[in-house]
Amino acid sequence: MNVTTYPSRNLFRRRGRTILTIIAVMLAVLIFCAIRTFIVAFNAQADDAAADRIATRHKVSITMQLPKHYIDDLREVPGVKAATWANWFAAKDPKERIPFFAGFAVDHNSWFDVEDDMQVSPEMLAAWKQTANGAILGDSLAKTFNLQVGSDVVITSDIYPGEWQFKVVGIYTPLRKTVDRNIFLFRWDFLNNDPRTVYSKEHIGWMVSRITDSIHSADISKRIDQKFDLQDDQTMTVSERAFALGFVGGLAAVLKALNVVSLVILLIVTLILANTVSMSVRERTHEYGVLRAIGFPPGQVRNFILGESLLIALAGGVAGVGLVELVINHALGPMMEANMSGVFQHFFTPRWVLAEALAAAAALGLVAGGLPARFASRLKITDALRRVD
Amino acid sequence: MTLLIVVLIVLLLPFVLLVLMKAVPFEYNARSLVVRKVTTLATALGIALVVFVFAGALMLGDISRVLAAAGRDDTVIIMRKGSDSELTGAIANEHLGLFRGPAQVSQAGGVIGEIVVVVIADHADGSGSSNVLVRGTPPEGIAFRPEIKIISGRAPRPGTNEAIVGTAIAGRFKGLSAGQSLDLRRNRPLIVVGEFSAGGASYESEVWGDLDYIRNALGRQAIVSSARVRLNHPEDFDAYRQAIETDKRYSMKVMRESDYFEKQSAQTATFLKVMGLIIAVLFSLAAMIGAAITMNGAVAHRSREIGTLRALGFSRLAILTSFLAEAIVLAVIGGVIGSALVLVLSVFVSFPIINFQTFSEIVFRFHATPAVFAKALVFSGGMGLIGGLVPAIRASRVSPIEAMRG
């Protein structure tokens, strides 16, 4: 008999209890990973943003626009390779097939040069230049709306009154996992020429620049903002990551709370495991007395109990990780990506989260076993032998 | 609510049975819980944490109702048709006078037009920045809402660049405390001169300044974002709505202010509710397993006692109810501890979240109502009942002869 046989045999003595505890740990690992995956997925777009793109917005408010001529000034800034702009259209689907999707009025001549991780064919681009009310949309949105190239579509807006008629001239596909596949793009000049644009004529929402080298993005950003510093409308240039985070920013507290909640479940399962181990230890107090009496040192007894606790926790951890792989990465994740790609472009539990979960399981096994192990190793042999229950 | 009552009745059933029939005295269970105090405490603490998370989610999901507190039934909000929020609305100045026309409008309260804009502000603690909603209101705008109270400093002087800040965000952002200022545009600052409260409503997460000053600073002289109209009676709503929405001179949408606020936070509330529900269900599974393990242990440990009780003449049903009652009490102890944690949360923690409609931050105070505690306790009892069911059935099946043979 060695350090591992006794704990592993012990697991089968109260089979029901061991199985229930393993299920509890498994469940905790699943919850932990699900919450972490949610947080990771929420930040994914920002984390994956291209390092060589920076965004320039109005310094004061996302609802305030910049004069159109800013784009020409921006293009003169050294370090800016290409630049484009967009306006927020606050697009809505009149048939409400999708709760939210982004609608941008963009410059059709430069948009795809800068946003080069959205892929369109040269024919589509050529058609866009020919069609004033032409629109290019993400493949996922096209599927939701059941649209093909050549279809007509009506969109409404939270900002601009009435119905807006577009003709689909193209569908873009993502070159990166985290590209939003639900964006509706149409020509900025079409918006600007419409009489309903009375309050924002010749104004643009924000500008995006590709820069020559990403190491100097902070310097280039500063140069851009300096250029507009003496104007009435000052700008704020940030990395595309920070720009994307600006929209997720308001959820920071929710994500932080979720983070805490994911630790609470570990605490709960630690209590459950500690309870299981201490019940077993109490039942076997007599036996530990015998072990001590035949010469096992206290440290050995402690290791038996810690080992048992660790084994249960790891069994639950491994089962949990397997379940995560199966449920999240092969069922729930693809489903979320297909149906909610406006929010989650990429819903996947990364390896490091799985590793974190396994490490957490091991740690909680040691913590939960700690107290009962201490209790058992400190027992006086005579007291332990006297206990019969 | 009905669900709550049904579950409550089911939970009370074992106790009623205990009293009505010749049952095992509950003292027996109470003492058993005390004797196994470590196990009892570990299980109860686990349940307490679940109840804590459950109640927290419950309170977050209630955000709509809390934030809608400012909405009045006798006040309507008018926005451009198609706008879902004040932020994206635009109404020409000259229309404001026309809104006063219909007979339903209160002569005392009248009509106010306001401009709403979100401004980025840095957190005072250096943790990034968020959008803050700035409202430009006319001189009568504060009196229009009797719930607004200046709690420190003073009210802004009309026509100046003075502003007041809602108590929920005062001090949270750089520039948003009395004496500080926030730039709307180059050389167009808003100077904070006071702090106001609004009975917990979302106004408390806004900055209020002068309508004309803010409009001029933003270059939007000719428009307001939204209009509010005080009616003579809440029942006048339908008639007034009819009058405005059918008027061909403008294409407007009329909503009750209370409905508007509720709709504003509906998206955020749904998001939080769904998330909270999923988490609560998963967490309660873990807690129920915990309760089942403990009760299983209790049954195994006490099989001799159970056998004795059976031999003394207590029925199977008596044993079943006895163990069920024990499980429920064990879980409710956890529920009580969890409720205490909830109380701490509601007193000390305020929580900033995004309003998806305006992209701005609303600071939310957890509101622990009696209903929250009632739900939390019933929830904990329910976990005890479900977790304790199988062990209790096992206990009721213990054969007296075998058990006493040991």
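**Chain B: two domains and a partner chain**

Let me start with the domain assignment of chain B, which gives domain 1, made of 2-67 + 267-405, and domain 2, covering 82-250. Please keep in mind throughout that this is a predicted model.

If we take the centres over C-alpha atoms, domain 1 of chain B and domain 2 of chain B are separated by 46 Å. As for the contacts between them, eleven residues of domain 1 of chain B meet 15 residues of domain 2 of chain B. On the domain 1 side, the elements that give two or more residues are α4 (63-67) and β14 (360-365) of chain B, and β14(B) gives the most, with five residues. Looking at the chemistry of that same side of domain 1, which touches domain 2 of chain B, we find five nonpolar, four polar and two charged residues.

Now I would like to turn from the domains to the neighbouring chain. Here 50 residues of chain B are in contact with 41 residues of chain A. On the chain B side, the elements that each supply at least two residues are α3 (37-61), β3 (111-122), β4 (129-137), β7 (181-185), α10 (266-301) and β13 (350-355). Which of the elements provides the largest share of the side of chain B that touches chain A? That is α10(B), from which 13 residues come. Sorted by class, the side of chain B that touches chain A holds 29 nonpolar, 14 polar and seven charged residues.

To recap, then, β14(B) gives the most to the domain 1 side of the contact with domain 2 of chain B, while α10(B) provides the largest share of the side facing chain A.

Notes. Residues numbered from 1 in each chain as written. Chains lettered and ligands numbered in written order. Predicted model: local features only at pLDDT ≥ 70, side-chain atom pairs only at ≥ 80, totals over all residues. Domains from an automatic or database assignment. Contact = placed C-beta atoms within 7 Å. Helix = DSSP H or I, 4+ residues; strand = E, 2+ residues; numbered from the N terminus. Nonpolar A, V, L, I, M, F, W, Y, C, P; charged D, E, K, R; others polar.
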